[in-house]
Amino acid sequence: MTVESTAARKPRRSGAKRSTTARDTKKQPAGQTELVQLLTPEGERVEHPDYAIDPTPEELRGLYRDMVLTRRFDAEATTLQRQGELGLWASLLGQEAAQIGSGRALNDADYVFPTYREHGVAWCRGVDPTNLLGMFRGVNHGGWDPNSNNFHLYTIVIGSQTLHATGYAMGVAKDGADAAVLAYFGDGASSQGDVAESFTFSAVYNAPVVFFCQNNQWAISEPTEKQTRVPLYQRAQGFGFPGVRVDGNDVLACLAVTKAALERARTGQGPMLIEAFTYRMGAHTTSDDPTRYRSPEERELWETKDPILRLRTLLTREGLADDAYFADLERESDALAKRVRDAVRAMPDPEDMAMFEHIYADGHALVDEERAQFAEYQASFVTAEEGI
């Protein structure tokens with residue numbers, strides 16, 4: 001099925017418009033953007049001529065379970081940060097379908113280069129959630145061996161992981177390996193020079209890499225329309241490889257499109273760009289206040305397109321999951337939340353002065369000055385407590 005993209009018009013913001021359904025998209029108006037969709041917000045299965053998928057009931061329940069557990073883990077992490085247990089957290093709320101769908105499209109030999117928000121993809125690759133939290137607590141630098149899960153460490157620098165992915169994919173091609181590389185980035189990162197360079201190199205060297213852009217429409221605090229004059233997926237054309245836009249809240253469409261793109265890469269047909277059109281339901285990170293730059297009505301509109309709700313509607317309507325299944329999953333979610341909570345609270349506190357180490361090999365006067373200022377600041381709390 002093809003539906004109208006809500007980002008193709010101007011000057012209105014993309015999130016303020018509705019997504020059309022199968023009943024009013026028999027013919028696509030000229031000049032409007034196509035969006036691959038296999039599961040509507042109402043939970044109805046639809047077909048697309050280029051991307052077919054026929055998951056079993058067990059696979060559908062598995063996708064639903066992945067999204068539910070990922071959302072619960074994410075919510076627990078946000079709470080832990082608010083309680084002072086984590087220094088920061090980047091929530092994936094609303095982007096579960098994009099991450100689980102693409103993550104479950106991977107083969108074991110494929111390699112993933114994430115940003116700092118791909119908690120659902122990490123789940124799909126078997127990375128323990130507590131390792132993610134250790135990094136945001138400041139007690140490890142990732143905590144997992146990337147080669148054990150073919151899942152690279154989180155990258156905080158915006159966009160640089162696309163270059164790493166492209167270089168790795170060029171190596172995969174030289175080795176003749178039957179594998180592809182999946183690189184994640186966001187709509188904000190699409191404006192970075194590193195991303196443009198990775199597009200250039202991957203196209204010239206026909207690298208087996210799939211670029212997966214989660215367009216949650218707001219980057220840190222700016223709407224996509226302030227970054228681009230065309231839909232993001234169309235940028236691929238200028239570099240000489242195909243791009244496609246998929247409903248990022250549709251786990252089936254994300255799964256089908258990513259599977260096809262990865263297989264295309266593995267068979268020597270080169271890179272491809274997937275733009276998962278979704279919405280960041282929460283803050284950019286826990287240091288952000290989204291109410292300062294977007295309206296509550298916009299969020300309410302996107303709540304009607306919730307990725308978990310639409311799959312649950314399908315499961316219920318088709319009799320593929322009953323009340324006992326949902327109750328069992330709720331108990332599993334509670335157990336996961338408790339395990340994560342207990343693990344984080346058992347972690348050591350980060351060393352206060354560790355951030356000043358290993359910056360310069362021979363030291364630096366400015367770093368020394370900042371270290372002394374921070375030590376004095378920390379000591380002021382001890383002095384205040386002693387005076388109480």
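Axes here are lines fitted to C-alpha atoms, for helices over the stretch in contact, and the angles between N-to-C directions run from 0 to 180 degrees. The structure is a predicted model, in which local features need pLDDT of at least 70 and side-chain atom pairs count only at pLDDT 80 or more, while totals for chains, interfaces and linings use all residues. Residues are numbered from 1 along each chain as its sequence is written, and side-chain values use heavy atoms, with hydrogens and water left out.

**Exercise 1.** Describe how helix H6 and H7 pack.

Step 1. Helices are DSSP runs of H or I with at least four residues, and strands are runs of E with at least two, numbered from the N terminus. Helix H6 covers residues 160–175, and its axis lies 7 Å from that of H7, at an angle of about 15°.

Step 2. H6 is therefore roughly parallel to H7, a term for angles under 35 degrees.

**Exercise 2.** Decide whether helix H2 is enclosed or open to the surroundings.

Step 1. A residue is buried under 20% relative accessible area, exposed over 50%, and partly exposed in between (1.4 Å probe, protein chains only).

Step 2. In H2, which spans residues 96–103, eight of the eight residues are buried, so this helix is largely enclosed by the rest of the structure. Among them are Glu96, Ile100 and Gly103.

**Exercise 3.** Find which residue pairs with Glu96 in a salt bridge, and say where the two partners lie.

Step 1. A salt bridge requires a side-chain nitrogen of Lys or Arg within 4 Å of a carboxyl oxygen of Asp or Glu. The side chain of Glu96 meets that of Arg71 in such a bridge, at 2.8 Å from N to O.

Step 2. Because Glu96 belongs to helix H2 and Arg71 to helix H1 (residues 57–82), the pair ties together parts that are 25 residues apart in sequence.

Step 3. Glu96 is buried at 1% relative accessibility, whereas Arg71, at 21%, is partly exposed.

**Exercise 4.** Compare the settings of the salt bridges Arg310 to Asp247 and Glu263 to Arg266.

Step 1. In the bridge between Arg310 and Asp247 the closest N and O atoms are 2.9 Å apart. The pair links distant parts of the chain, 63 residues apart, with Arg310 in helix H11 (residues 307–317) and Asp247 in strand E6 (residues 243–247).

Step 2. The side chains of Glu263 and Arg266 meet at 3.0 Å, N to O, and both residues lie in helix H9 (residues 251–266), three residues apart, about one turn of the helix.

Step 3. Arg310 is buried at 1% and Asp247 is buried at 5%, while Glu263 is partly exposed at 40% and Arg266 is buried at 14%.

Conventions: Parallel < 35°, antiparallel > 145°, perpendicular 65-115°, else oblique.
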